[in-house]
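Visitor: I have a structure here that I would like to walk through with you, one question at a time. Could you show it first?

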Amino acid sequence: MPRFTDRFIASLKAEGTERFEIKDDACKGLAIRVTSSRKTFCFRCKYEGRMQRVTLGEYPVMTLAQAVIAANRRYADLHENRNPLAEAQRETVEARVGADAITFNRLADRYLNEYAKPRKKSWKDDEWVLKRARPEFGPRIVSTITRKELVIFLRGLAATSVRNANKTQASICTMYNWANLEDETIINPLARIPKIGGKEREEDRVLSDDELRAVWPAFVTPPDAVFSVAVGIAVRLIFLTAQRPLQVSGMRLDELIDLDGPAPRWDLPASRMKRPKPHSVPLSAEAVKLIKQALAERLYEDSPYVFPSTRGKGDKPIDRHALSQAVRRLRLKLKMAEWSPHDARRSATTWARAMGIPRDTTEALTHHAIVGSGKTYDRYDMQAEKRQAVKAIAQYITQCLRRSDAAAQKAA
């Protein structure tokens with residue numbers, strides 16, 4: 001049997017009423033049927049003792065690469081003891097269901113599984129913002145959801161977070177536009193509408209010393225169960241390490257090195273980083289203390305995560321957005337100006353600079369890309385310098401809190 005290539009497929013010819021079928025030597029089950037008028041990819045297999053033939057698509061409308069993917073999907077069905085022909089028929093029916101029948105929940109599920117997860121590194125953001133829209137629109141048929149309803153919903157989000165409103169609007173727009181590619185009856189009700197939330201605040205928010213003194217005790221002892229102790233620890237670790245909220249919330253035990261030794265650190269693999277390169281974060285004594293506290297208070301002691309989610313059995317970490325919700329609830333309670341967990345990272349970096357830490361060190365600590373020839377030739381990990389930076393951040397926070405204690409004693 002030959003190995004399929006575009007050149008080989010183009011060379012296949014059938015005369016008159018002749019019809020023949022050739023299997024691909026490189027892809028299990030993939031074949032192409034050739035007649036004088038068309039060439040059609042198919043998947044051939046034996047299921048429960050009977051031969052099956054699943055039509056995949058006509059060449060060249062369906063490319064060879066697409067045919068291989070489709071055949072592998074049908075082979076996966078067979079491997080998992082599902083009927084490939086029945087699965088293909090079910091998917092075809094679902095693909096043809098129009099806006100008159102598909103619900104918001106069903107469309108969101110398809111968008112996440114078929115588009116966002118395979119193509120977007122930020123698919124969890126889509127999942128999170130659509131999760132917020134599901135209680136409002138989930139069971140509704142998409143064709144019945146009006147522009148006015150969506151605008152009112154987004155304005156409600158903007159009242160507490162302009163950024164969340166705009167991100168939600170962007171994800172819903174993308175979902176509708178994606179659906180419209182295969183079903184023209186699904187119309188985007190938010191098309192050509194400017195951002196409902198309006199202009200987002202500049203990315204320059206740094207907490208003042210007074211704000212730090214207000215929020216730190218609240219994260220130590222959450223007020224009125226606004227959030228859990230674990231979430232409070234996670235937010236404080238963003239301040240102490242200057243790392244992204246997603247990395248902190250997903251912290252794993254096997255990433256923590258030498259916690260009881262002289263040089264404790266947190267080694268993150270490339271797969272967990274925004275910039276796909278591994279990153280080593282030295283840990284200050286204060287950060288180590290918080291991590292040990294989190295480990296001691298875990299509900300699932302055998303979980304691989306420092307902050308396991310209480311919604312599972314320890315098999316997944318807390319959601320990164322739980323930190324955002326905690327910050328939002330706290331700032332509303334304290335009547336503070338808007339800030340986010342990511343602003344904690346910016347604040348920590350700014351405090352390190354205020355303590356005399358050079359900019360190249362803070363850039364290394366925050367894992368930003370090296371500019372210039374250094375990205376090719378400079379392989380120094382700056383571990384000693386980064387350790388000085390995290391110590392400086394912890395010192396800044398400690399000094400700030402002590403000034404608060406001193407002021408309170410003086411007032412008394």
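Visitor: Is Tyr115 buried, exposed or partly exposed?

Guide: Happy to start there, keeping in mind that this is a predicted model. The class follows from the relative accessible area, where buried means under 20% and exposed means over 50%. Tyr115 has 24% relative accessibility, so it counts as partly exposed.

Visitor: And which class does Tyr111 fall into, buried or exposed?

Guide: Tyr111 shares helix α4 (residues 104-119) with Tyr115, and the two are 4 residues apart, so they are separated by about one helical turn. The relative accessible area of Tyr111 is 0%. That value makes Tyr111 buried.

Visitor: How are the rings of Tyr111 and Tyr115 arranged?

Guide: The rule for ring pairs gives a count of 13 aromatic pairs. For Tyr111 and Tyr115, the ring centres are 5.6 Å apart and the planes meet at 25°. Planes under 30 degrees apart count as stacked, so the name for this pair is stacked.

Visitor: What is the geometry of the pair formed by Phe219 and Trp339?

Guide: Here the centres are 6.4 Å apart. The planes stand at 90° to each other, and an angle over 60 degrees is the cut-off for this class. The Phe219 and Trp339 pair is edge-to-face.

Visitor: How many residues apart are Phe219 and Trp339?

Guide: This pair links distant parts of the chain. Phe219 belongs to helix α8 (residues 209-220), while Trp339 sits in the loop between α12 (320-334) and α13 (341-354). Both residues are buried. Along the chain, they are 120 residues apart.

Visitor: Which aromatic residues form one cluster with Phe219 and Trp339?

Guide: The edge-to-face pair of Phe219 and Trp339 is part of one aromatic cluster. Its other members are Trp216, Phe227, Phe239, Trp351 and Tyr396.

Visitor: Over which ring does Arg252 lie?

Guide: Arg252 is placed over the face of a ring, at 5.2 Å from the ring centre. The distance cut-off for such a placement is 6 Å. The ring belongs to Tyr305.

Visitor: Which element supplies the largest share of the largest nonpolar core?

Guide: That core has 55 residues, and those with the most contacts inside it are Leu237, Phe239, Phe307, Trp339 and Ile397. At least two of its residues come from each of α8, α9 (229-241), β6 (265-268), α11 (285-296), α12, α13 and α16 (383-411). The largest share, 9 residues, comes from α16.

Visitor: How many residues are in the other core, the one with Ala108 and Leu154?

Guide: This core lies apart from the largest one. Its residues include Ala108, Ala133, Leu154 and Leu190. The count is 28 residues.

Visitor: How many disulfides does the structure hold?

Guide: Cys27 is buried at 5% relative accessible area, and its sulfur is 11 Å from the closest cysteine sulfur, in Cys42, which is too far for a bond. Cys45 is buried at 7%, and the sulfur of Cys45 is 10 Å from the closest cysteine sulfur, again in Cys42 and too far for a bond. The cut-off for a disulfide is 2.5 Å between sulfur atoms. The number of disulfides is 0.

Visitor: Which strands stand at the edges of the open sheet?

Guide: The sheet has 3 strands in the order β5-β6-β7, with antiparallel pairing. Between β5 and β6 there are 2 bridges, and Leu256 stands opposite Trp266 in β6. The edge strands each have a single partner, so one side of each is left without a neighbour in the sheet: these are β5 (256-257) and β7 (279-282).

Visitor: What is the omega of the cis peptide bond between Tyr59 and Pro60?

Guide: Most peptide bonds are trans. Pro60 is in the loop between β4 (50-59) and α2 (64-79). The cis bond that joins Tyr59 and Pro60 has an omega of about 5°.

Visitor: What is the phi of Arg192?

Guide: Most residues other than glycine have a negative phi. Arg192 lies in the loop between α7 (162-182) and α8, and at 81% relative accessibility it counts as exposed. Although Arg192 is not a glycine, its phi is positive, at about 60°.

Notes. Residues are numbered from 1 along each chain as its sequence is written. This is a predicted model: local features need pLDDT of at least 70, side-chain atom pairs count only at pLDDT 80 or more; totals for chains, interfaces and linings use all residues. Side-chain values use heavy atoms; hydrogens and water are left out. Rings of Phe, Tyr and Trp (its six-membered ring) pair if their centres lie within 6.5 Å; planes under 30 degrees apart count as stacked, over 60 as edge-to-face and the rest as tilted. Buried means under 20% relative accessible area, exposed over 50%, partly exposed in between (1.4 Å probe, protein chains only). A charge sits over a ring if NZ of Lys or CZ of Arg is within 6 Å of the ring centre and within 35 degrees of the ring normal. A nonpolar core is a set of buried Ala, Val, Leu, Ile, Met, Phe, Trp, Tyr and Cys residues joined through side-chain atoms within 4.5 Å. Two strands pair if DSSP finds at least two bridges between them.
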